[in-house]
Amino acid sequence: MAASLVRHPGTARYGFRRRFACAMATVMLIAAALGFQAGMPVLGGILGWSLVAAALVNVSTGFCIPSLVVRIFAGKVQCA
């Protein structure tokens with residue numbers, strides 16, 4: 001009941017591209033962990049460092065690689 005007394009803006013709605021990017025990062029993290037677990041440190045390292053590189057590109061330039069993948073397959077989103 002007390003939570004209904006607090007007035008604040010709702011959380012942002014995330015579109016398909018952001019959810020896809022998060023899902024892609026999750027899959028890469030799991031695959032890297034499984035690579036290390038299965039005794040394939042080269043595969044785990046490649047996947048892990050690829051994720052680090054993709055995050056660095058996103059943070060430093062604002063360019064999101066998974067969003068580019070979605071744009072290639074789904075086309076450009078028309079904003080209202």
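**Three helices and one crossing**

The protein holds three helices and zero strands. Its elements, taken in sequence order, give the pattern α-α-α. The model described here is a predicted one, and a reader new to it may like to begin with the whole chain before turning to a pair of helices.

Of the 80 residues in the protein, 12% are buried. The accessible surface amounts to about 6,700 Å², and carbon and sulfur atoms contribute 71% of that surface. Among contacts in the protein with a separation of 6 or more, 47% join residues that lie 24 or more positions apart.

One pair of helices shows how such elements meet. Helix H1 spans residues 16-37, and helix H3 spans residues 65-74. The axes of H1 and H3 come within 8 Å and cross at roughly 120°. An angle over 115 degrees but not over 145 counts as oblique, and H1 and H3 are therefore oblique to each other. The crossing in which H1 passes H3 is right-handed.

Which residues of H1 and H3 meet? On the H1 side they are Phe16, Arg17, Phe20, Ala21 and Met24, and their partners in H3 are Pro66, Ser67, Val69, Val70 and Arg71. Sorted by class, this contact of H1 with H3 comprises seven nonpolar residues, one polar residue and two charged residues. The charged residues are Arg17 in H1 and Arg71 in H3, while Ser67 in H3 is the polar one.

Notes: Residues are numbered from 1 along each chain as its sequence is written. This is a predicted model: local features need pLDDT of at least 70, side-chain atom pairs count only at pLDDT 80 or more; totals for chains, interfaces and linings use all residues. Side-chain values use heavy atoms; hydrogens and water are left out. Helices (H or I, at least four residues) and strands (E, at least two) are DSSP runs, numbered from the N terminus. Buried means under 20% relative accessible area, exposed over 50%, partly exposed in between (1.4 Å probe, protein chains only). Contact means heavy atoms within 4.5 Å. Accessible areas come from the Shrake-Rupley method with a 1.4 Å probe; for residues, only the protein chains shown count as cover. Axes are lines fitted to C-alpha atoms, for helices over the stretch in contact, and angles run from 0 to 180 degrees between N-to-C directions. Angles under 35 degrees count as roughly parallel, over 145 as roughly antiparallel, 65 to 115 as roughly perpendicular and the rest as oblique. A crossing is left-handed if the near helix is turned anticlockwise from the far one by less than a right angle, and right-handed if clockwise.
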